[in-house]
Amino acid sequence: MTEQTRTDQTRTDQSYQAGDFKERGQLNSVQLNVVTLVDMDRAVATQSLDGCLFMMDNSVGGVGQGTDHLETVCKQGQVINWIIRPVDMHRRPDGTWPPMPKINNLVFLDIEEGDEDDPAERRMMTELKVYGGPDRMRDKHTAVYYYWAGAVMTTARPALYRYRLVLELETPHAPTNLYLNSPHYPALRVLPTT
């Protein structure tokens with residue numbers, strides 16, 4: 001590795017860790033993906049999502065990759081796709097697929113001091129329709145993942161918006177599916193469009 005390459009790498013590392021978002025480079029101008037992997041066996045066994053969610057995104061400057069409290073950096077008006085799938089996504093020996101998680105809702109929380117655990121009073125996202133029809137395609141021989149898509153409101157003021165995932169987990173040996181809320185709050189850091 002040449003000295004110039006090391007210097008360039010150091011600059012890249014420093015700019016990625018910069019406190020000022022202007023120094024972090026160009027934000028993604030297209031859709032962002034927030035991918036959540038769910039440890040279905042543990043979640044069903046404990047009836048909790050604590051320690052069962054692993055989130056990643058393709059935003060520039062996001063914090064908490066691989067955790068359940070991911071902070072995604074986005075712009076006003078940007079489309080975000082929340083994709084969810086189980087950690088174990090392999091076809092079983094009998095030809096069936098493992099139980100699947102599904103996002104039932106995203107509940108954005110209030111940003112006013114003292115109300116941080118209450119649902120937001122203002123709308124944060126415009127929900128988009130599902131592209132395709134995962135529910136109609138799903139059968140025991142088809143691997144499908146579920147997602148929720150929305151566009152950040154162009155009127156959303158620049159701030160950190162925490163949210164709660166409301167998930168439905170398929171439980172193959174129980175009469176009904178399991179519905180759980182995320183115990184820790186991921187967030188969107190909305191930056192102004194300039």
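Author: Before we start, a word on naming: helices (H or I, at least four residues) and strands (E, at least two) are DSSP runs, numbered from the N terminus. Please keep in mind that this is a predicted model.

Reader: Happy to. Where is Q47 found?
Author: Q47 sits in the loop between α2 (40-46) and β2 (53-57). Its phi is positive, about 55 degrees, although Q47 is not a glycine. As background, most residues other than glycine have a negative phi.

Reader: Why does Q47 count as exposed?
Author: Exposed means over 50% relative accessible area. Q47 has 54% relative accessibility, so Q47 counts as exposed.

Reader: And what makes Q76 count as buried?
Author: The limit for buried is under 20% relative accessible area. Q76 has 17%, so the word buried applies. Q76 also belongs to a loop, the one between β3 and β4 (79-86). Leaving out residues up to four places away in sequence, Q76 touches ten residues that you can pick out in the model, among them V152, M153, T154, P158, V190 and T193.

Reader: How do you know that the side chains of R189 and E71 meet in a salt bridge?
Author: The test asks for a side-chain nitrogen of Lys or Arg within 4 Å of a carboxyl oxygen of Asp or Glu. For R189 and E71 the N to O distance is 2.7 Å, so the pair passes. R189 lies in strand β10 (residues 187-191) and E71 in strand β3 (residues 71-75), so the salt bridge ties together parts that are 118 residues apart in sequence. A search of the whole structure finds one salt bridge.

Reader: What does the relative accessibility say about R189, and what about E71?
Author: R189 has 23%. Partly exposed covers what falls between buried, under 20%, and exposed, over 50%, so R189 counts as partly exposed. E71 has 17%, which means that E71 is buried.

Reader: How many disulfides does the structure hold?
Author: Zero. Two cysteines to look at are C52, buried with a relative accessible area of 0%, and C74, also buried with 0%.

Reader: How do you know that W82 and W148 form an aromatic pair, and what makes the pair edge-to-face?
Author: A pair of aromatic rings is described by the distance of the centres and the angle of the planes. Rings pair if their centres lie within 6.5 Å, and planes over 60 degrees apart count as edge-to-face. W82 and W148 have 5.6 Å centre to centre and 65 degrees between the planes, so both conditions are met. This pair links distant parts of the chain, with W82 in strand β4 and W148 in strand β7, 66 residues apart. W82 is buried at 1%, and W148 is buried at 10%.

Reader: Why is the pair of F108 and Y163 called tilted?
Author: The ring centres are 5.4 Å apart and the planes stand at 50 degrees. Stacked needs under 30 degrees and edge-to-face over 60, so the pair is tilted. F108 belongs to strand β5 (residues 101-108) and Y163 to strand β8 (residues 159-169), 55 residues apart. F108 is buried, with a relative accessible area of 9%, and Y163 is buried, with 0%. The structure has three aromatic pairs, and ring pairs link W82, F108, W148 and Y163 into a cluster.

Reader: What makes β8 mostly covered?
Author: Nine of the eleven residues of β8 are buried.

Reader: How do you know that β8 and strand β9 pair?
Author: Pairing needs at least two bridges between two strands. β8 and β9 (residues 178-181) have four, in the antiparallel sense, so they pair. In β9, L180 is the bridge partner of L167. Antiparallel bridges also join β8 to β5, seven of them, and β8 to β10, four of them. K102 stands opposite E168 in β8, and R162 stands opposite A187 in β10.

Reader: Which five strands form an open sheet, and in what order?
Author: The order is β2-β1-β4-β7-β6, with mixed pairing. β2 and β6 (125-127) stand at the edges with a single partner strand each, so one side of each is left without a neighbour in the sheet. On average, neighbouring strands of this sheet are turned by 25 degrees against each other, direction ignored. For β6, the pairing with β7 (residues 146-152) is antiparallel over three bridges, and M125 has V152 in β7 as its bridge partner.

Key:
Residues numbered from 1 in each chain as written. Predicted model: local features only at pLDDT ≥ 70, side-chain atom pairs only at ≥ 80, totals over all residues. Heavy atoms only, no water. Buried < 20%, exposed > 50% of the residue type's maximum accessible area, 1.4 Å probe, protein only. Contact = heavy atoms within 4.5 Å. Disulfide = S-S within 2.5 Å. Axes fitted to C-alpha atoms, helices over the stretch in contact; angles between N-to-C directions. Phe/Tyr/Trp six-rings, centres within 6.5 Å; stacked < 30°, edge-to-face > 60°.
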